[in-house]
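I opened the model to go through helices, spaces and backbone oddities. My entries follow in the order I looked things up.

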Amino acid sequence: MRELEELYQQSWPELQRQAWTVRRSHHEPKVVFAVPGPKRYEGRYYTNREDAFVQISVTGTACALKCAHCNSHLLKSMLPVESELDLISLGQRLLEVGTKGVLISGGADSHGRVPLKDFLSGIEYLKQIGLKVIVHSGLIDPETAAGLKKAGVDQVLLDVIGDERTIREVYHLAKTPEDYRRSLYVLREVGLPVVPHIVAGLYFGNWEGELDALAAVTSCRPEAVVIVVLNPLPGTEMAGVVPPFPEAVGKLVAAARVANPTIPLMFGCAVPPRPAKDLYQEAALMAGVNGVAYPTDTIVEKAQQLGLDTWFSELCCSLSWP
């Protein structure tokens, strides 16, 4: 943790240069732009297909937590299923229209867990018919982790929080950062590929525990790391919140790059809209990420100017490694 704090205390130009040197030493000069179907993407260089990758909620729009930054808003864009039969039927229809992969998520229960146990056989079926399957688990117990391993999921995504006040006041959970670290290790112990996510500015736009979260993520040696930024949404407690400055986010990404020199590092889909989006994505690109979700045309051109080979993927960014 001390090493991360010392990294973050460097000036942005100094830390950026260090991160870029690490990227150049350990990764090929290419960057992937993830444009999965849940969001329509039409850019100068690519247009996605909306059913190539879809998101599924096993709870519909229901969530026990009503988190301050989401309030179930993000569940509304997902396809709802109520049972394993629903999930199997949906998987068959998706395969027929050429869907390549799915994210299975849902609202959390009062313990911060997405209720996946009743859907494990359905998840296994989706894998058997050839779909890529990633799961957003929330906090997880060993039994569910073992079930996901048996089902053969490609990845488990977990938001990692490093500040107890954030967990309590944003997620409305009586948990601690240790519970999130424990979930990381439960997933690793059963041999599941883990892709932790860190939300910059999650505590009402303030910097609280991001480096602690990064320390926990780094210690578990994940398959990839995804960093996103608080995007204040209408209809939530954070609707009027000011997100963190792009330079602060860039420094977090750069610290993640230096601390995880060989691991794919992605800048995810949650980010404030343009014109700020250009600034966040440019900071992440200059901090050495391997991929960016839903890039602006400006960022595609910036990557090309940096001498990076660019390509697009219609899978979730956690699956889209260059």
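I took helices (H or I, at least four residues) and strands (E, at least two) as DSSP runs, numbered from the N terminus. On that basis I placed Gly-235 in the loop between strand S8 (225-229) and helix H9 (246-259).

The model is predicted, with local features needing pLDDT of at least 70 and side-chain atom pairs counting only at pLDDT 80 or more, while totals for chains, interfaces and linings use all residues. Residues are numbered from 1 along each chain as its sequence is written, and side-chain values use heavy atoms, with hydrogens and water left out.

**Gly-235**

I asked whether Gly-235 is buried or exposed. I used buried for under 20% relative accessible area, exposed for over 50% and partly exposed for in between (1.4 Å probe, protein chains only). Gly-235 counts as exposed because its relative accessibility is 61%. I also checked Gly-235 against Ala-287: they are 52 residues apart in sequence, and their C-alpha atoms are 33 Å apart in space.

**Helix H3**

Helix H3 covers residues 84-96, 13 in number. From first C-alpha to last it reaches 19 Å, close to the 18 Å expected at 1.5 Å a residue; the expected span is 1.5 Å times one less than the number of residues.

Which residues of H3 are buried? I found Leu-87, Leu-90, Gly-91 and Leu-94. They lie on the same side of H3 because they cover an arc of only 105° around the axis, the arc being that of the directions from the helix axis to the C-beta atoms. As a reminder to myself, an α-helix has 3.6 residues a turn, so residues three or four places apart point the same way.

On the face of H3 turned away from the buried side I noted the exposed residues Leu-85 and Glu-96. The cover over the buried residues of H3 includes strand S2 (53-57), strand S3 (79-80), strand S4 (101-105) and helix H4 (120-128); contact means heavy atoms within 4.5 Å. Just after H3, Gly-98 has a positive phi of about 90°.

**Helix H4**

I turned next to H4, where Leu-120, Gly-122, Ile-123 and Leu-126 are the buried residues. Their arc around the axis is only 165°, which puts them on the same side of H4. Among the elements covering them are H3, S4, strand S5 (132-136) and helix H5 (142-151). Gly-130, just after H4, takes a positive phi of about 105°.

**Helix H9**

H9 has 14 residues and spans 20 Å from first C-alpha to last, close to the 20 Å expected. I recorded it as mostly covered, with 11 of its 14 residues buried. The buried set includes Lys-251 and Arg-257, as well as Ala-254, Ala-255 and Ala-256.

**Spaces**

I worked on a 1 Å grid over the protein atoms alone: a cavity is a set of points where a 1.4 Å probe fits but cannot get out, a pocket is an open set with protein on both sides within 12 Å along at least five of seven lines, and lining residues have an atom within 4 Å of a point. Points are joined across faces, edges and corners, and volume is the space filled by probe spheres set on them.

How many cavities of 30 Å³ or more does the structure hold? I found 1. The largest cavity has about 90 Å³ of space and is lined by 14 residues, with Val-160, Ile-161, Gly-162, Val-199 and Leu-202 nearest its centre. Strand S7 (194-200) and helix H8 (210-219) each supply at least two lining residues, and S7 gives the most, with 3.

The second largest pocket has a volume of about 150 Å³. Its lining includes His-111, Arg-113, Asp-141, Lys-175, Asp-179 and Arg-182. By class I counted 3 nonpolar, 2 polar and 5 charged residues there; Ala, Val, Leu, Ile, Met, Phe, Trp, Tyr, Cys and Pro count as nonpolar, Asp, Glu, Lys and Arg as charged, and the others, Gly among them, as polar.

**Backbone**

I noted a cis peptide bond between Arg-274 and Pro-275, with omega about 10°. Pro-275 sits in the loop between strand S9 (265-267) and helix H10 (276-286).

Asn-71, not a glycine, has a positive phi near 50° and lies in the loop between S2 and S3. His-172, also not a glycine, has a positive phi of about 60°; its loop runs between helix H6 (164-169) and helix H7 (177-189). At 35% relative accessibility, His-172 counts as partly exposed.
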